[in-house]
Amino acid sequence: MSNMTFAKKTDVIIVLIILVISGISWWGYQHFSAEKQVKAEIYYYSDLVMTVDLQEKEERSFALPQDEHVVFHLYKDGSIAFEASDCPDQVCVHAGRIRTSGQFAACLPKGFVLKIVPAGEHDEDDTDIVVGR
Amino acid sequence: MIKKLSVVILALILALNGASCASQPENKRYEAEFLSLFDTVTRIVGYAESKEKFTEQAQLLHDSLEEYHRLYDIYTDYEGISNIKTINEQAGIAPVKVDRRIIDLLIFAKEAYKTTNGQLNVAMGSVLKIWHDYREAGIDAPENAKLPSLDQLTAAAAHTDIDKVIIDEENSTVYLEDPQMSLDVGGIAKGYATEQVAEIAEKNGITSVLISVGGNVRAIGKRGDGTAWKVGVQNPIDEQGENVCDVPLTDASLVTSGTYERYYVVDGQKYHHIIDPDTLFPANYFVSVTILCKDSGMADALAKIFNMPYEEGLTLIESLPDTEALWVFQDGTLKYSSGFPIE
């Protein structure tokens with residue numbers, strides 16, 4: 001009995017390795033899923049005409065050659081909006097700022113759709129569609 | 001020692017790969033948008049084995065929605081089609097022979113009128129047209145934006161009796177008895193059409209699609225990976241555009257009505273497009289109301305609790321099976337019915 005040990009040295013090392021790998025995996029999951037990256041896509045009559053990096057951290061307004069009367073605005077906080085349009089109903093401008101996956105705004109009379117999509121593959125945690133604006 | 005370590009590492013790698021494979025969707029995810037239907041954006045998200053297969057599915061949904069769009073249009077004529085506009089033009093003159101899908105919509109609308117205690121009234125065209133014209137003029141020339149007078153609205157409201165919409169199922173005709181009345185199905189047509197098209201899709205073997213017609217969302221099945229669809233409800237008064245909540249959706253509908261997009265400004269005050277049939281003015285209890293239930297048409301109709309005080313709306317919602325609601329108040333307060341699923 002006196003020769004029995006609770007665990008061999010090699011077993012302890014194996015358990016420690018498992019714990020370290022698990023810890024790294026958990027940290028990686030938390031880190032990368034918590035900072036899920038998104039981007040904005042701008043479509044003109046179903047054609048993707050621009051992809052906007054929402055992590056620029058610089059505020060700017062811009063228009064596209066397809067219609068320079070439709071102006072977009074990128075904000076420092078990573079949101080984006082239709083800033084101005086010469087469309088009759090102004091629904092696009094009223095839609096305000098969007099920033100999370102699944103959100104979108106559109107200027108029907110001018111043929112523009114602005115939508116937020118994951119920067120990488122769509123996964124289980126991403127919202128599919130957002131309503132309410 | 002090395003042998004044991006190898007076994008453990010191999011086991012870990014297999015476990016990680018296994019987890020990765022388990023979450024891998026069988027089909028790929030695709031999205032499509034259409035701008036030509038119901039004067040709004042139609043979005044389709046689906047899982048299919050190939051892009052061609054998804055395109056085929058999206059085309060079926062588009063074509064079916066387009067048929068409903070033409071039938072329920074109140075502004076445009078289409079060759080060979082008698083639509084809601086045709087019925088309005090024949091008010092007080094003669095019954096109009098129409099497609100069965102118009103008959104079904106109007107029967108559904110009459111039922112919804114009762115369910116919503118008159119808040120959804122498709123016979124309110126005369127009143128809604130006045131607001132529509134004032135809103136368009138106010139957006140075109142904001143400096144001259146005006147409100148319609150109560151006298152003008154009250155006079156129009158005398159021609160909104162839904163019992164004067166005469167439906168003859170046998171002969172497939174609709175007749176507006178009052179020559180000054182008109183139909184406006186904008187409060188129900190998108191939701192009703194979305195439901196019908198979802199059922200057509202299911203009959204055609206489509207099993208994993210999310211359809212949104214201007215905020216009327218209908219889920220068919222689940223995502224390709226077997227998880228529920230996730231639909232976000234945006235906070236209309238949050239300038240940064242945050243969502244109020246995400247709602248898991250499987251074979252169900254979610255519809256939001258709000259004041260945020262279609263409005264005009266008179267003397268610094270916003271006047272939106274949802275008109276209370278009792279006051280004949282836009283209701284101001286909430287900035288948005290969201291309904292969750294199985295049927296998209298019913299969800300659209302029930303969204304008219306927007307015009308009711310919260311307690312009255314809550315009583316109605318709680319009296320209906322498998323129906324939930326979310327209210328966003330003017331000051332940002334959120335209230336939910338008892339079973340609303342919040343994520």
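**Entry 1. A hairpin in chain B**

I looked up the bridge partner of Ile166(B) in this predicted model and found Tyr175(B), which lies in strand 5 of chain B. I then noted the pairing to which these residues belong. Strand 4 (residues 165-168) and strand 5 (residues 173-176) of chain B run antiparallel and are joined by four bridges. Four residues lie between the two strands of this hairpin, where Ser172(B) has a positive phi near 55 degrees.

**Entry 2. Helix 7 of chain B**

I checked the length of helix 7 (residues 189-203) of chain B. Its 15 residues, at 1.5 Å a residue, should span 21 Å, and the C-alpha atoms at its ends are 21 Å apart, so the two values agree.

Is this helix mostly covered, or mostly uncovered? I found helix 7 of chain B mostly covered, with eleven of its 15 residues buried. Among them are Tyr192(B), Glu195(B), Val197(B) and Ala201(B). I traced what these buried residues pack against: helix 2 (51-71), helix 4 (100-115) and helix 8 (296-302) of chain B, together with strand 6 (209-213), strand 7 (216-220) and strand 10 (253-258) of that chain. After the helix comes Gly205(B), and I recorded for this glycine a positive phi, near 85 degrees.

**Entry 3. Chain A by itself**

I turned to chain A, which holds two helices and eight strands. Along the sequence I read the pattern α-β-β-β-β-β-α-β-β-β. Of the 133 residues in chain A, 32% are buried. Among its contacts with a separation of 6 or more, 33% link residues 24 or more positions apart.

I next examined a sheet in this chain. Strands 3, 4 and 5 of chain A form an open, antiparallel sheet in the order 3-4-5. Strand 3 (60-64) and strand 5 (80-84) are the edge strands, each pairing on one side only. On average, neighbouring strands of this sheet are turned by 35 degrees against each other, direction ignored. I noted four bridges between strand 4 (residues 67-74) and strand 5 of chain A, in the antiparallel sense. His73(A) faces Ala81(A) of strand 5 of chain A.

**Entry 4. Where the chains meet**

I looked up the contact between the chains: 34 residues of chain A touch 41 residues of chain B. On the chain A side, two or more residues come from each of helix 1 (9-34), helix 2 (91-94) and strand 8 (129-131). Helix 1 of chain A gives the largest share, four residues. I also recorded the make-up of this side of chain A, which is 14 nonpolar, 13 polar and seven charged residues.

Which strand of chain B pairs with strand 8 of chain A? I found strand 8 (residues 229-234) of chain B, in the parallel sense and over three bridges. In this pairing Val131(A) stands opposite Val233(B).

**Entry 5. Nonpolar cores**

I searched for the largest nonpolar core and found one of 89 residues. The residues with the most contacts inside it include Leu105(B), Val185(B), Leu254(B) and Ile305(B). Helix 4 of chain B contributes the largest share of this core, seven residues.

I followed Leu254(B) further. Leaving out residues up to four places away in sequence, Leu254(B) touches Val131(A) from the other chain, as well as residues of chain B including Val217(B), Val231(B), Leu292(B) and Ala299(B). Val131(A) is thus a residue I had already met, opposite Val233(B).

Apart from the largest core I recorded another of 24 residues, among them Val38(A), Phe72(A), Leu74(A) and Ile98(A).

Definitions and conventions: Residues numbered from 1 in each chain as written. Chains lettered and ligands numbered in written order. Predicted model: local features only at pLDDT ≥ 70, side-chain atom pairs only at ≥ 80, totals over all residues. Pairing = 2+ DSSP bridges. Contact = placed C-beta atoms within 7 Å. Nonpolar A, V, L, I, M, F, W, Y, C, P; charged D, E, K, R; others polar. Expected span 1.5 Å × (residues − 1). Buried ≥ 20, exposed ≤ 12 C-beta atoms within 10 Å, placed from the backbone. Axes fitted to C-alpha atoms, helices over the stretch in contact; angles between N-to-C directions. Core = buried A, V, L, I, M, F, W, Y, C linked by C-beta atoms within 7 Å.
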